Amino acid sequence: MDNDVAAGNTSSTLGHLALGLTLLAFGLGGTGVIDNVAATDAAGLATWVGGVTLFLVGLLALRAGEAREGTAYAALGAFWFTWGTAAGGGASADAVGVFLLLWALLALTLTLAASGGGLFGQGVYGLLFVALLLLGIGALAGNDGLGKAGGWVAAVAGLLAWYGATAAVASRPTALRRRASDESAPAAS
């Protein structure tokens with residue numbers, strides 16, 4: 001099968017769907033593109049879909065022997081549950097910035113760990129890393145522009161994760177094909 005996200009892997013599909021919906025809601029709220037909607041308005045979705053669902057999917061993946069996916073989804077579930085329950089709780093901008101930067105390190109770890117799993121997974125986690133980095137620096141610096149940029153990157157990561165889940169359910173490929181010139185090039189000795 002030429003799919004980067006295998007259609008038969010339900011933990012991966014459900015995990016990407018939950019991550020995609022959560023990131024999309026969180027990101028769109030962070031952009032300010034919708035009147036009277038902020039990232040904190042996604043707290044309920046982040047807590048239950050991003051937090052609880054991803055954590056349970058992670059546990060199921062770990063039980064099935066999928067260490068990479070299980071670790072990623074359980075850790076992301078912990079992130080979203082923590083963020084969702086604390087959103088709007090009155091933490092200082094510096095505390096929020098440090099929180100986001102620490103979780104950006106997790107996203108960086110997931111990006112590096114996904115290097116053997118294909119560009120799709122790396123893309124989602126890489127965009128999540130960039131989004132959290134921008135949001136964290138923006139919170140620390142009091143720069144709303146960086147926060148909005150981080151929201152847009154999170155929304156794109158959400159769309160990418162959602163696409164991956166949809167493609168898996170529809171048995172469509174998500175792997176990028178090599179160019180014909182790359183495939184016919186002689187191997188280096």
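**Figure 1. The whole chain: seven helices and zero strands**. This predicted model has seven helices and zero strands in its protein chain, so that the pattern read along the sequence is α-α-α-α-α-α-α. The chain holds 189 residues, of which 39% count as buried. Contacts with a separation of 6 or more are worth a look here too: residues 24 or more positions apart account for 72% of them. Keep this overview in mind while we step into the close-ups.

**Figure 2. Helix α1 and the positive phi that comes just after it**. Helix α1 spans residues 10-31 and has 22 residues. From its first C-alpha to its last, α1 reaches 31 Å, close to the 32 Å expected at 1.5 Å a residue. Just after α1 comes G32, with a positive phi of about 75°. Follow the chain into the loop between α1 and α2, and you will meet N36. This residue has a positive phi of about 60°, although N36 is not a glycine. Most residues other than glycine have a negative phi. Is N36 buried or exposed? With a relative accessible area of 79%, N36 is exposed.

**Figure 3. T22 in helix α1 and its partners**. T22 sits in helix α1 and has a relative accessible area of 1%. That value is under 20%, which is why T22 counts as buried. Where does its side chain reach? The side chain of T22 comes to 2.8 Å from the backbone oxygen of A18. Setting aside neighbours within four places in sequence, T22 is in contact with L45, A46, V49, G50 and W80.

**Figure 4. T47 in helix α2, another buried threonine**. Helix α2 covers residues 43-63, and T47 has its place there. T47 counts as buried, at 7% relative accessibility. A polar atom of the T47 side chain lies 2.8 Å from the backbone oxygen of A43. If residues up to four places away in sequence are not counted, T47 touches V52, W80, F81, G84 and T85. W80 is a residue to look for in both threonine views: it is in contact with T22 and is touched by T47.

**Figure 5. Helix α4 and the helices its buried residues pack against**. Helix α4 runs over residues 93-113. With 21 residues, α4 reaches 30 Å from its first C-alpha to its last, close to the 30 Å expected at 1.5 Å a residue. Which residues of α4 are buried? They are G97, L100, W103, A104, L106, A107, L110 and T111. An α-helix has 3.6 residues a turn, so residues three or four places apart point the same way. The buried residues of α4 pack against α3 and α5, which cover residues 67-86 and 119-141.

**Figure 6. A107 and its contacts**. Zooming in on helix α4 brings us to A107. A107 is buried, with a relative accessible area of 1%. Leaving out neighbours within four places in sequence, its contacts are Y125, L128, F129 and L132. For a sense of scale, the C-alpha atoms of A107 and V124 are separated by 9.4 Å, while the two residues are 17 apart along the chain.

**Figure 7. The largest pocket and its lining**. The largest pocket has a volume of about 650 Å³. Its lining counts 26 residues, and the closest to the pocket centre are A39, T40, W83, V96 and L100. Which helix gives the most to this lining? It is α4, with four residues. Helices α1, α3, α4, α5 and α6 each supply at least two residues of the lining. By class, the lining of the largest pocket has 13 nonpolar, eleven polar and two charged residues. L100 links this view to the one of α4, as L100 is among the buried residues of that helix.

**Figure 8. Helix α6 from its cap to the residue after it**. Helix α6 takes in residues 144-169. Its 26 residues reach 37 Å from the first C-alpha to the last, close to the 38 Å expected at 1.5 Å a residue. The N-terminal end of α6 is capped by N143: a side-chain oxygen of N143 lies 2.9 Å from the backbone nitrogen of G145. α6 is followed by S171, which has a positive phi, near 55°.

Methods: Residues are numbered from 1 along each chain as its sequence is written. This is a predicted model: local features need pLDDT of at least 70, side-chain atom pairs count only at pLDDT 80 or more; totals for chains, interfaces and linings use all residues. Side-chain values use heavy atoms; hydrogens and water are left out. The expected span of a helix is 1.5 Å times one less than its number of residues. A polar contact is a pair of N or O atoms within 3.5 Å; within protein, one must be able to donate a hydrogen and the other to accept it, and residues adjacent in sequence count only if both atoms are side-chain atoms. On a 1 Å grid over the protein atoms alone, a cavity is a set of points where a 1.4 Å probe fits but cannot get out, and a pocket is an open set with protein on both sides within 12 Å along at least five of seven lines; lining residues have an atom within 4 Å of a point. Grid points are joined across faces, edges and corners, and a volume is the space filled by probe spheres set on the points. Ala, Val, Leu, Ile, Met, Phe, Trp, Tyr, Cys and Pro count as nonpolar, Asp, Glu, Lys and Arg as charged, and the others, Gly among them, as polar. Buried means under 20% relative accessible area, exposed over 50%, partly exposed in between (1.4 Å probe, protein chains only). Contact means heavy atoms within 4.5 Å.
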